[in-house]
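Grab your viewer and something to scribble on. Here is a small set of exercises, each with its solution worked through.

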Amino acid sequence: MSLSKIGLTLLLLSFSALLPVHAEEHGEMRVSGQNTEIWDQTLMQWIGVERFWLNYAESKGGLTWGRGSEYPEYSQVREFDLFLVELEQGNCLMEFFHNRWRRANDVRRWNDQLNHYGGCPHVFD
């Protein structure tokens with residue numbers, strides 16, 4: 001191997017050591033102690049799930065129907081409207097998509113674990 005190829009190889013190895021081993025994806029989840037956190041690519045940090053949902057809603061103009069345990073009147077809801085449903089088991093961000101309420105995660109596909117978080121497993125009970 002020539003001296004220039006050895007130098008180039010060493011340079012590439014040095015540079016690759018500076019690259020992150022794992023890059024987080026938007027919506028990736030982790031459990032840290034008793035806290036569940038989700039990666040927010042916009043903020044470039046791990047945050048709480050509800051804050052993640054509210055940040056998403058804010059980026060779309062806010063929670064269209066606020067939050068509560070009673071769904072908005074069906075005739076008044078429009079495509080992509082957002083509602084944070086509050087259930088006994090916890091909260092879940094809902095998005096109106098293709099003529100019905102769905103978990104926002106089912107529309108956005110952040111992380112399948114979100115469907116098991118808070119009230120999300122119980123929104124259709």
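The exercises below go from a nonpolar core to a cavity and then to single residues. Keep in mind that this is a predicted model.

**Exercise 1. Find which residues have the most contacts inside the largest nonpolar core, and which element gives the most to this core.**

Step 1. Start with the core itself: it has 23 residues. Those with the most contacts inside it are Trp53, Leu93, Trp110 and Leu114.

Step 2. Now go through the elements. At least two residues of this core come from each of α2, β5 (82–87) and β6 (90–97). The top contributor is α2, with 5 residues.

Step 3. Pick Leu93 and list what it touches beyond four places in sequence. You should get Trp53, Tyr56, Leu63, Leu82, Phe83, Leu84, Arg102, Arg103 and Ala104.

**Exercise 2. Run a cavity search over the whole structure and work out what lines the largest cavity.**

Step 1. With a threshold of 30 Å³ or more, the search turns up 1 cavity. The volume of the largest cavity is about 30 Å³.

Step 2. Collect the lining: Trp53, Cys92, Leu93, Ala104, Asn105, Trp110, Leu114, Asn115 and Cys120. Both β6 and α3 supply at least two residues each.

Step 3. Sort that lining by character. It splits into 7 nonpolar, 2 polar and no charged residues.

**Exercise 3. Take Cys92 from the cavity lining and decide: buried or exposed?**

Step 1. Locate it: Cys92 is in strand β6.

Step 2. Check the accessibility. Cys92 has a relative accessible area of 0%, so it is buried; the cut-off for that is under 20%.

Step 3. Look at its surroundings. Setting aside residues up to four places away, Cys92 touches Trp53, Phe83, Leu84, Val85, Arg103, Gly119, Cys120 and Val123.

Step 4. Zoom in on Cys120 from that list. Cys92 and Cys120 are 28 residues apart along the chain, yet their C-alpha atoms are separated by 5.0 Å.

**Exercise 4. Which side chain makes a polar contact with the side chain of Asn115?**

Step 1. Place Asn115: look in the segment after α3 (104–108). Its relative accessibility is 11%, so Asn115 counts as buried.

Step 2. List its contacts outside four places in sequence: Arg103, Asn105, Asp106, Cys120 and Pro121.

Step 3. Check these for polar pairs between side chains. Arg103 is the partner, at 3.4 Å, which sits inside the cut-off of within 3.5 Å.

Step 4. Flip to the partner's side. Arg103 belongs to strand β7 (residues 100–103), and at 15% relative accessibility Arg103 counts as buried too. Besides Asn115, its contacts beyond four places include Cys92, Leu93, Met94 and Phe124.

**Exercise 5. Say where Thr64 is found and what its side chain reaches.**

Step 1. Thr64 is in the loop between α2 (49–59) and β4 (67–68).

Step 2. Its relative accessibility is 39%, so Thr64 counts as partly exposed.

Step 3. Drop everything up to four places away in sequence, and the residues Thr64 touches are Asp81 and Leu82.

Step 4. Now try Leu82. The C-alpha atoms of Thr64 and Leu82 are 5.1 Å apart, with their places 18 residues apart in the numbering. The side chain of Thr64 reaches the backbone nitrogen of Leu82 at 3.0 Å.

Notes: Residues are numbered from 1 along each chain as its sequence is written. This is a predicted model: local features need pLDDT of at least 70, side-chain atom pairs count only at pLDDT 80 or more; totals for chains, interfaces and linings use all residues. Side-chain values use heavy atoms; hydrogens and water are left out. Helices (H or I, at least four residues) and strands (E, at least two) are DSSP runs, numbered from the N terminus. Buried means under 20% relative accessible area, exposed over 50%, partly exposed in between (1.4 Å probe, protein chains only). A polar contact is a pair of N or O atoms within 3.5 Å; within protein, one must be able to donate a hydrogen and the other to accept it, and residues adjacent in sequence count only if both atoms are side-chain atoms. Contact means heavy atoms within 4.5 Å. A nonpolar core is a set of buried Ala, Val, Leu, Ile, Met, Phe, Trp, Tyr and Cys residues joined through side-chain atoms within 4.5 Å. On a 1 Å grid over the protein atoms alone, a cavity is a set of points where a 1.4 Å probe fits but cannot get out, and a pocket is an open set with protein on both sides within 12 Å along at least five of seven lines; lining residues have an atom within 4 Å of a point. Grid points are joined across faces, edges and corners, and a volume is the space filled by probe spheres set on the points. Ala, Val, Leu, Ile, Met, Phe, Trp, Tyr, Cys and Pro count as nonpolar, Asp, Glu, Lys and Arg as charged, and the others, Gly among them, as polar.
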